[in-house]
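User: Here is a chain that I would like to go through with some care. Please look closely at a single part of it, and then set that part in the context of the rest.

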Amino acid sequence: MLRPLLFLSAFIVLADALQTISTSTVLDISSCPITYYGQEYEQLYVNFSSQLTTFCFDNFFNLQKKGDCIIGKSHEAQTADFEIVPADSFLERWIRNKTQSIQNSLKCSVQFKMQFNKSEVHLDLFNFRTEAVLSLESHIMGPVLYEVLVGGILVDRVYVLNLPDAYQIDDSLDISGCRYSGNMYKPGTVISSDPNTCSKLTCSETAVLLTSGCGPLGTCSGNSICTSGITCTVTGPTVIDIHGQVNVIKDRCAYSLLSTPVVPDFHVLANFQERRREDVSLLDSVTLRLDELGVYIHLEQGGRVRLNDSTLTLSSSAQLVHGVELSKDQTGVTAKLSLSNLFTSVFFDGYTAQIHLEGPAVRFLKGLCGNSSRSLSELRLSEYSSTSCEIQYNHTADSTINCNNVTERCNLLKEAPFTSCNNDVNPQPYITACTDTLCKYPAVDGLNCQFLKAYARACSLQGNHTLEGWTSKASCSPEAFCQDRTCSDHEFCGEKMVSGDTRCFCRAIFASKYRSTDSLGDPTVCRENSASLTLVGCLLEDKGIDYSALHLNDPTCRGQIDELTHMVTFSFNSSNSCGTVITANSSHNIYRNTIRTQNSASDIITRNDDVYIDFSCTHIQPNINTATFRIKDWSVAQQISSGAWNYTLTIKAYTDPGRTHAVEPNSELRLNQKIWMELETDGLDGDMVALVSDSCWATDQPLPSSSPRHDLIMNGCANPADLTVEVEENGLGTSTCFSFNMFRFTGGSGDIFMHCKLHLCPKQANSCIPTCNKTARRRRSASYTYEPEAPAFISMSWTN
């Protein structure tokens, strides 16, 4: 039975006209190029000889040239009909049924029909884009064979054998493939691979050369294993970089963890601080810095997150802040952001930070986490560090620590279930960090689990390892230690030795200055009319003292705690003495009070120490200097001419607000004594004009322009820098007044010269009263009739 192709040939619409070939011919097949084992050809070299019929792609057949050819016996055929046929769905289904490996759709076909006596042989090349199929159909009795050569080498064949009692009729061959470095490869073949880079070159199922690797967001961990990104872990005093190298921080400074020239405005910083021991520094906080936006995101202990100086409220639902996705759960805080081919996720649980990075930019990473060749001192960020942070301490070893037990615990990372991750994440850096830290620092405050937890999280990031059951085996909680407990900068969150609860402890270096003197707080602060004593909250807790049970001599006077610093302040002043006892002698006044424990009269016993902390302030008896100043001219009067008005201007000084006690030449004034100055006119109609004091100032020389100069009135208003100055009745009538506290110039001659500049304001103006505030200035009406170029001016002087 003939194949369906013969019956359909009459219905095929030809793309190229039928052409009969009888001699050696070069055919143009550019309208239906054939990809022959990975090499696309647009020409076909056909030749008939007495022995061979050849179809070659790169030249006429020659045994010496080793070309790409399909060759078979001539069977005395000297001609062939050639045509290019467009795709046909029925034909495509027939070919696919014969050749199951083809993936692409049919585009067209190049067909040859050769006559042998009264029988036919069809040789067809089907274009499946990057793939191709060779089909042979024979109606000749006996064998028909065509060999398939690539570079002159036999790679396959098509063969039809028809016998009187058995007709095969057709055979098909997938002639798809790839060429690489002069060699031919079948589809689905791995041509080369590098386990160290995870790169692989393959001839795909559709006969396309493909180079594959870990992708733009992955990295090769060796042994041809791709992992999703890379991880840097900072735990305790240790930084385990993206290559598994270990750096140990021995001071309390800030360091650059991550930076990249690809994203120059993005940095991740780590801040280290001491806790229970001065000689061991542990990770304290992490800062994300976005320079272009001027944004600092601080990830701190207890799950606290600050945006610059503001504290954020977070939940498990992600919150977008300046392009950073922030979330918080029982395990810690996570910050995620994607910038220019670099995806970054920063996790912090208060004690361990893990930075997971994906994208091609990871190879440019700098800082302690990256490829930086810079030393620790070069990566130290002094501008974010406290003073003297570089000082290192050396203390004797803790004799209570059994390093053998510590090592055994840390080596759990090489036992099940951690072993399932050991090939993806090398446990040795984590074991080193664990043993080095816990052999010199007590395994408290969650440190016993901290390094195991850090390794487990790195495994989940690198290879999606769940390490099921590790927390129960190691007796560890998945929750963050001290979550939601916020301590001050001089404190850290730790566990109480007795109950296992947590509280804020004083950092060792901070507490040392108090413990060396056996004190609980800072020295008494004495002011003119008050005294205060501040106690350190964490030192009180060390002694088991509840600050809320403390009071002064007056039980109603309690300590006030600063919620940010946890410092407790007790104070008294002249308004509320709080039971202060005052004693005096000829030279001093002594104010004494006591901080004490509140005891109930019904308490028969107590298990807490009584607290008695005396504090006092001593004030020297004041030495009042009288007759400090005398006025030289007790009254100054002068004639003034201003426009249409001639009047007398007088300036006088008084010692009382009612201005009834004038300062005379024999009057004595003290420093800081308040005096009142009155500037009064005679000869003006108060219904027509008002007197306005523009400015008044003092110098220590007679000339008004000399220096130094102290301003009392500026732009009609009291100088805001001198709070003793008060201006009255300015712009209301024909006189004006102001007051101030007496002063002297430091290091000057001891004399004071007072100068005032005034002007007359017509009552027809909107208002003659100066507007006094920080920004407004006095406005003048355009209808003024006085001459502003010649304002009134008057001076008077005082002598020491």
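How many of the residues of strand 25 (residues 254-259) are buried?

Analyst: Before the details, please note that this is a predicted model, in which local features need pLDDT of at least 70 and side-chain atom pairs count only at pLDDT 80 or more, while totals for chains, interfaces and linings use all residues. Residues are numbered from 1 along each chain as its sequence is written, and side-chain values use heavy atoms, with hydrogens and water left out.

Strand 25 is mostly covered, six of its six residues being buried; buried is used here for under 20% relative accessible area, exposed for over 50% and partly exposed for what lies in between, with a 1.4 Å probe and protein chains only. Strands (E, at least two residues) and helices (H or I, at least four residues) are DSSP runs, numbered from the N terminus. A hairpin of six residues leads from strand 25 into strand 26 (residues 266-274), and the two strands pair in the antiparallel sense over five bridges, where pairing requires that DSSP finds at least two bridges between the strands. Within this pairing, S259 has H267 of strand 26 as its bridge partner.

A further residue worth following is S285, which is found in strand 27 (residues 281-290) and counts as buried because its relative accessible area is 11%. Its side chain makes a polar contact of 2.9 Å with the side chain of N271; such a contact is a pair of N or O atoms within 3.5 Å, of which, within protein, one must be able to donate a hydrogen and the other to accept it, and residues adjacent in sequence count only if both atoms are side-chain atoms. Leaving aside residues up to four places away in sequence, S285 touches L269, A270, N271, L299, E300 and F348, contact meaning heavy atoms within 4.5 Å.

Turning to the wider setting, eight strands form an open, antiparallel sheet in the order 24-23-22-35-34-33-32-31. Its edges are strand 24 (246-248) and strand 31 (319-321), each of which pairs on one side only, and the twist averages 15° from one strand to the next. Angles run from 0 to 180 degrees between N-to-C directions, and axes are lines fitted to C-alpha atoms, for helices over the stretch in contact. In this sheet, strand 32 (residues 324-329) and strand 33 (residues 332-338) are paired in the antiparallel sense over five bridges, with K336 in strand 33 as the bridge partner of E325.

Two helices pack on this sheet. Helix 5 touches strand 22, strand 23 (238-240), strand 24 and strand 35 (352-358), and its direction makes about 175° with that of strand 23. Helix 6 touches strand 22, strand 33, strand 34 (343-348) and strand 35, and its direction makes about 170° with that of strand 22.

The helices also meet each other: the axes of helix 5 (residues 428-438) and helix 6 (residues 447-463) come within 10 Å and cross at roughly 170°. Helix 5 and helix 6 are therefore roughly antiparallel to each other, a label given to angles over 145 degrees, whereas those under 35 count as roughly parallel, 65 to 115 as roughly perpendicular and the rest as oblique. From helix 5, Y430, A433, C434, T437 and L438 meet L447, F451, A454, Y455 and A458 of helix 6. The residues of this contact divide into nine nonpolar, one polar and no charged, with Ala, Val, Leu, Ile, Met, Phe, Trp, Tyr, Cys and Pro counted as nonpolar, Asp, Glu, Lys and Arg as charged, and the others, Gly among them, as polar.

Where helix 6 touches the sheet, T235 deserves a closer look; T235 lies in strand 22 (residues 230-235) and counts as buried because its relative accessibility is 0%. Beyond residues up to four places away in sequence, T235 touches Y351, T352, Q450, F451 and A454. Its side chain makes a polar contact of 2.8 Å with the side chain of T352, and a polar contact of 2.8 Å also joins the side chains of T235 and Q450. T235 and Q450 are 215 residues apart in sequence but 7.6 Å apart in space, C-alpha to C-alpha.

For comparison with strand 25, consider strand 36 (residues 491-495): four of its five residues are buried, so strand 36 is largely enclosed by the rest of the structure. Strand 36 pairs with strand 37 (residues 502-506) in the antiparallel sense over five bridges, and G494 stands opposite R503 in strand 37.
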